[in-house]
Amino acid sequence: MTDSKSPTTLHVAASHPLGTVTAEEAFLLEKLNLTRLPRHVAVIMDGNGRWAQRRHLPRIAGHRKGTDTARSTIETCARLKVEALTLYAFSVENWRRPKTEIDFLMQLLREYLQQEMPLIQKNNIRMRFLGRADELPEAVQRDTHDAMKAPTNNTGMELCVALNYGGRAEIVDAANALLVERRANGNTEKLTEADLERNLYTAGIPEPDLLIRTSGEMRVSNFLLWQIAYAEIFVTETLWPDFNRARLLEAFVDFQKRDRRYGGIGESEESEPSASNLGHK
């Protein structure tokens, strides 16, 4: 038998979007129905600091290694035809971190955007940034604007980067946008969920089917609070820099095992006899 951690690579069918895969990836792909993947995957990329600490490295080393994982995750999702991928890159609460770390993260983001545009174009990816962009450094604002403008003809996966993002802030911003609109139009009707949704940062994108959190933390950390109402949540102890393609496929396999009821009942429950019929043929 091949050890699942072996670097051995295998070639799957030439038509397969992932091409050459490891033995572990091939094993997971056999379990996957590629026509039933989540439409929208959201990821809380957690554990960069702990990854570096365990290796007696500065925290910034973990952040830099985490960009490799982001690249792999983006390309894999794009090749598997996932409709949207949202990565939680920097929250409104992250401004509380030391200035040196914030400055490094902003510079790392700029480097990533400048270096990864060929990958974005190659994989037909569209880009969107979620959050309060006007509060970011001017240089970052310019780079994010250029990144969104560059792939104008792309028609594939929508890559959303949550930057200076907070779920509560997003809902407040949507409500304020509605207030401005309604005051201008003299509209006094009650707000609906649809009114709010069309003013969210994610307007036009399907709600996440799958929320992945790395590093084992059991919380959603103010991320897409409105949108994840019915998302399946997959938490792994794996730290973000170690979250490789096999771990992503593992999350997809787990997702396909879930019985998604949206407040209703599943097929197995529908076939069960009611309590009043127990004991009767």
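Two residues are in contact when heavy atoms of one lie within 4.5 Å of heavy atoms of the other. In the predicted model described here, this criterion gives a set of neighbours for Arg213, a residue of strand E7. Leaving aside residues up to four places away in sequence, Arg213 touches Ile44, Asp46, Arg219, Val220, Ser221, Phe234, Val235 and Thr236. The relative accessible area of Arg213 is 4%; because buried means under 20%, Arg213 counts as buried.

The protein as a whole comprises 9 helices and 8 strands. Its chain has 281 residues, of which 46% count as buried. When contacts between residues at least 6 apart in sequence are considered, 73% of them join residues at least 24 apart.

An open sheet is formed by 6 strands, which follow the order E5-E6-E4-E3-E7-E8 with parallel pairing. Strand E5 (126-130) and strand E8 (232-235) are the edge strands, since each of them pairs on one side only. From one strand to the next, the twist averages 20°.

At one edge, E5 is joined to strand E6 (residues 158-165) by 5 bridges, and the two run parallel. Within this pairing, Arg126 stands opposite Glu158 in E6. Although E5 is an edge strand, 4 of its 5 residues are buried, so E5 is largely enclosed by the rest of the structure.

At the other edge, strand E7 (residues 210-213) pairs with E8 in the parallel sense, over 4 bridges. Leu210 has Glu232 in E8 as its bridge partner. Helix H8 packs on the sheet, where it touches strand E3 (40-44), E7 and E8. The direction of H8 makes about 135° with that of E7.

The loop between E7 and E8 contains two residues with a notable backbone angle, Ser215 and Ser221. Ser215 is not a glycine, yet it has a positive phi of about 80°. Ser221, likewise not a glycine, has a positive phi of about 50°. The surroundings of these residues may be described in terms of accessible area. Ser215 is buried, with a relative accessible area of 6%, whereas Ser221 is partly exposed, with a value of 26%. Ser221 is also one of the residues touched by Arg213, which places a contact between strand E7 and the loop between E7 and E8.

Helix H8 (residues 245-257) also meets helix H3 (residues 59-79): the axes of the two helices come within 10 Å and cross at roughly 50°. That angle makes H3 oblique to H8. The crossing in which H3 passes H8 is right-handed. On the side of H3, the residues involved are Ser72, Thr73, Thr76 and Cys77, and these meet Arg245, Leu248 and Phe252 in H8. Classified by residue type, the contact of H3 with H8 has 3 nonpolar, 3 polar and 1 charged residues. Helix H8 thus has contacts with H3 as well as with strands E3, E7 and E8 of the sheet.

Key:
Residues are numbered from 1 along each chain as its sequence is written. This is a predicted model: local features need pLDDT of at least 70, side-chain atom pairs count only at pLDDT 80 or more; totals for chains, interfaces and linings use all residues. Side-chain values use heavy atoms; hydrogens and water are left out. Axes are lines fitted to C-alpha atoms, for helices over the stretch in contact, and angles run from 0 to 180 degrees between N-to-C directions. Angles under 35 degrees count as roughly parallel, over 145 as roughly antiparallel, 65 to 115 as roughly perpendicular and the rest as oblique. A crossing is left-handed if the near helix is turned anticlockwise from the far one by less than a right angle, and right-handed if clockwise. Ala, Val, Leu, Ile, Met, Phe, Trp, Tyr, Cys and Pro count as nonpolar, Asp, Glu, Lys and Arg as charged, and the others, Gly among them, as polar. Two strands pair if DSSP finds at least two bridges between them. Buried means under 20% relative accessible area, exposed over 50%, partly exposed in between (1.4 Å probe, protein chains only).
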